Amino acid sequence: MKSTPLSLIAGVVALAAVTGFAALTVPGEEGATEAKAAARLPVERSSLLCPEPSMSDLAETTYTSFTPAGKGGQEAGAAELKAAEALPADEDAEKEDAGKDDKDKEDAGKDDEDKGEKAADDKPVVSLKDLGKPSTAETAKSGAPALVGTATGAFAPGWTAQQTTMAAAGGARGLLGVSCTAPDTDFWFPGASTGKARQDYVHLTNPDDTAAVADIELYGAEGPLKSDVAEGITVPARSSVPMLISTLTSEAAENVTVHVTTRSGRVGAVVSAAEDEVGSDWLAASADPADTQVLPGIPADATSVRLVAFAPGEDDADVKVQLLGKNGAFSPAGNDTLHIKSQMTASVDLKDVTRGEPGSLRLTPADGSRTPVVAALRVVRGKGAEQEVAFIPATGPVGERASVADNRAKGSVLSLTAPGETAKVKVTASAGSEGGEAAVKTYTVKGGTTLEVEPEAPAGLKGGYALTVESESGGPVHAARTLTIAEGGVDMFTVQTLPDDEGTVEVPEARQDLSVLDD
């Protein structure tokens, strides 16, 4: 008699739930086959990284954490965001101290004492208490660190966190919003700049216990920008490193594509962009290179829209540019196509392309070109001294479900676009962070259009709330939330996209009974 331990099967299921991938075979058995994906289970662990906020003494930052209810399945868990430098030491390192000589133990004791002092201050900046209800926290006006967060158990599936900074004055004036990012090894940022009017930083945050090593590549309109200092950048364990992009090259370029990769480890990456006399905001990474891209949520009153795109492969790309408006799709006059040379950043000024109606941009292959591209939009509202800027990266569809946190009683607008078939989605406004009951509404988005809605706020709302979009039927839907706050006579705004939260993963199902196998 031979048997396959149940712990092996359980291990495969756990691996899939944590990493999104697992396979199972039975060695040595005739007819043994690889497991196949057959079911979806909630993830059991999620990680998010929030960059260092503005260093301005006039800036105030709010963090909002949220996990939607209904997908967990587990009864326990937690979701916490902590200051990167205040994370607890690796337990394994402490165990190694046990075998050292007396001198080493004395030194280790001093280290432990220092760690103990840090542990006293090792309180989460924000800790999520309830599913379906956001938790918020405000930081000091300046000097706030990057945050590293982990959600486990029932709080892991669909966990999201928002960092929102109001800088009311100064050169970096603006409303800066960013959805905290998951760690990865590859990021694309079309829409950055090394121009004299811009001060752009790429923030690299390492969530792990060992150092990560990253490379940064810069591409302008004529190709790669020469740099001698953008390779082999060490990001210490559980730390964040901001890099001023203009110091990585001597070449000034108005439109730059930034490519971040890691040689070892993983990081969270996001770009902060500040433009003289215009404003500032975060530029999140574009969706992975693809021959079709959707950029949702261009405000109806946009006064300037610039498309920046990049073809990372060896072939040039020709894309058809279409605005998906309130009533249908059309190509901007004189800009119906865009030619993107390989390894060169292309841009086009679409001006006030929305002309009073909300819209989204769709890029599709033209003339048979199927070359993958990445893309982003620089969007300006207002004129003169009342200008404010935000960025919209290409994003994937909401898929099964997507959420965005930090919505206010006033100023939140949700854009829904269906680039293909007509679709129906359910939108849930969560309970408020300090009180209120969730509100649910269903919307139909016609194919080839953009629907802009002001979400129905929770009844009895106190504090902020989160929005969750779930696909119900029809084709894919891409979404973005615009948050607007008036300050000093300026409508400051920021836009966050809502890609699928990947709260579930496929778990393989064995094709044969593994409980008992006979000789």
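Let us start at Glu277, which counts as exposed, with a relative accessibility of 71%. The cut-off behind that word is simple: a residue is called exposed when its relative accessible area is over 50% and buried when the value is under 20%. Please keep in mind that the model you are looking at is predicted. Glu277 sits in the loop between β17 (268-275) and β18 (279-283). Its backbone has something to show as well, since the phi of Glu277 is near 65°, a positive value in a residue other than glycine. To see what is unusual here, it helps to know that most residues other than glycine have a negative phi.

Now find Arg238, another residue that is not a glycine and yet has a positive phi, of about 50°. Is Arg238 buried or exposed? With a relative accessible area of 18%, Arg238 is buried, because the limit for that word is under 20%. As for its place in the chain, Arg238 belongs to the loop between β14 (233-235) and β15 (240-244).

Thr337 gives us the category in between. At 47% relative accessibility, Thr337 counts as partly exposed. You will find Thr337 in strand β23 (residues 337-340). Which residues does Thr337 touch, once its neighbours within four places in sequence are set aside? Thr337 is in contact with Val319, Lys320, Val321 and Ala366. You can also look from Thr337 towards Gln322: these two are 15 residues apart along the chain, and their C-alpha atoms are separated by 8.6 Å.

Next comes a link made by side chains. A disulfide is a covalent bond between the sulfur atoms of two cysteines. The structure holds 1 disulfide, and Cys50 and Cys180 form it, with their sulfur atoms 2.0 Å apart. This pair links distant parts of the chain, 130 residues apart: Cys50 is in strand β2 (residues 45-50), while Cys180 is in the loop between β9 (174-179) and β10 (186-192). The torsion about the S-S bond of Cys50 and Cys180 is about 105°, so the disulfide is right-handed. Cys50 is buried, with a relative accessible area of 0%, and Cys180 is buried too, at 7%.

Let us move on to the strands towards the higher residue numbers, beginning with β35. Strand β35 (residues 465-474) pairs with strand β28 (residues 401-407) in the antiparallel sense over 5 bridges. Within β35, Leu467 stands opposite Val404. Strand β35 is also joined to strand β30 (residues 423-429), by 7 bridges, and these two strands run antiparallel. To trace this pairing on the model, look for Ala423, whose bridge partner in β35 is Gly474.

Finally, have a look at an open sheet of 4 strands. In what order do the strands of this sheet lie? The order is β33-β29-β36-β37, with antiparallel pairing. Strands β33 (449-453) and β37 (490-497) stand at the edges, each with a single partner strand, so one side of each is left without a neighbour in the sheet. On average, neighbouring strands of this sheet are turned by 20° against each other, direction ignored. For a closer view, pick strand β36 (residues 478-487), which pairs with β37 in the antiparallel sense over 8 bridges. One residue pair to look for here is Ala486 with its bridge partner in β37, Asp491.

Technical notes:
Residues numbered from 1 in each chain as written. Predicted model: local features only at pLDDT ≥ 70, side-chain atom pairs only at ≥ 80, totals over all residues. Heavy atoms only, no water. Pairing = 2+ DSSP bridges. Axes fitted to C-alpha atoms, helices over the stretch in contact; angles between N-to-C directions. Disulfide = S-S within 2.5 Å. Buried < 20%, exposed > 50% of the residue type's maximum accessible area, 1.4 Å probe, protein only. Contact = heavy atoms within 4.5 Å.
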